[in-house]
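Student: I am new to this structure and would love a close look at a single part of it. Could you walk me through one loop and what surrounds it?

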Amino acid sequence: MYIKVECYAGYRGDQEPRVFWLGERRLEVLEIVDRWLGPDYRHFRVTASDGDTYILRHDGREGEWDLAAFQRGP
């Protein structure tokens with residue numbers, strides 16, 4: 001599922017997701033719980049403002065984001 005993501009580039013220039021949209025729904029990233037790099041992708045496990053956990057994947061070559069996984073919060 002393709003998503004729209006607003007990012008913040010820190011002092012190192014690495015982009016981190018801050019806000020993302022699922023359709024018309026705007027979700028703030030409250031915490032980046034984990035992150036890891038693959039050969040072509042960067043993954044972020046985030047807790048969003050709705051209390052759910054999402055894994056957002058960024059394709060560095062294409063510059064596109066997608067939703068890789070979702071887990072409902074407690």
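Tutor: Happy to! Let us begin with Gly63, which is found in the loop between β5 and β6. Please keep in mind that this is a predicted model. Gly63 has a relative accessible area of 47% and is therefore partly exposed, as it falls short of the exposed class, which starts over 50%. The C-alpha atom of Gly63 is separated by 9.8 Å from that of Tyr41, although the two residues are 22 apart along the chain.

Tyr41 gives us a next stop. The charged end of Arg57 sits over the ring of Tyr41, 4.5 Å from the ring centre. Another contact of this kind pairs Lys4 with Trp21: the charged end of Lys4 lies over that ring, 4.9 Å from its centre.

Now back to the loop between β5 and β6, where we also find Arg61. Arg61 forms a salt bridge with Asp40, and their closest N and O atoms are 3.8 Å apart. Asp40 belongs to the loop between β3 and β4, so this pair links distant parts of the chain, 21 residues apart. The partners differ in exposure: Arg61 is exposed, with a relative accessible area of 61%, whereas Asp40 is partly exposed at 36%.

This bridge is one of 7 salt bridges in the structure. Another joins the side chains of Arg25 and Asp50, at 2.4 Å from N to O. Because Arg25 lies in strand β3 and Asp50 in the loop between β4 and β5, this bridge ties together parts that are 25 residues apart in sequence. Both are partly exposed, Arg25 with a relative accessible area of 41% and Asp50 with 28%.

Finally, look at the strands on either side of our loop, β5 and β6. Tyr54 in strand β5 and Phe70 in strand β6 form an aromatic pair that links parts of the chain 16 residues apart. Their ring centres are 5.2 Å apart and their planes meet at 50°, so the pair is tilted. Tyr54 is buried, with a relative accessible area of 1%, while Phe70 is partly exposed at 42%. Together with Phe20, these two residues form one aromatic cluster.

The structure holds 3 aromatic pairs. One of them joins Phe44 and Trp65, with centres 5.9 Å apart and planes at 35°, so this pair is tilted. Phe44 is in strand β4 and Trp65 in strand β6, 21 residues apart, and both are buried.

Conventions:
Residues are numbered from 1 along each chain as its sequence is written. This is a predicted model: local features need pLDDT of at least 70, side-chain atom pairs count only at pLDDT 80 or more; totals for chains, interfaces and linings use all residues. Side-chain values use heavy atoms; hydrogens and water are left out. Rings of Phe, Tyr and Trp (its six-membered ring) pair if their centres lie within 6.5 Å; planes under 30 degrees apart count as stacked, over 60 as edge-to-face and the rest as tilted. Helices (H or I, at least four residues) and strands (E, at least two) are DSSP runs, numbered from the N terminus. Buried means under 20% relative accessible area, exposed over 50%, partly exposed in between (1.4 Å probe, protein chains only). A charge sits over a ring if NZ of Lys or CZ of Arg is within 6 Å of the ring centre and within 35 degrees of the ring normal. A salt bridge is a side-chain nitrogen of Lys or Arg within 4 Å of a carboxyl oxygen of Asp or Glu.
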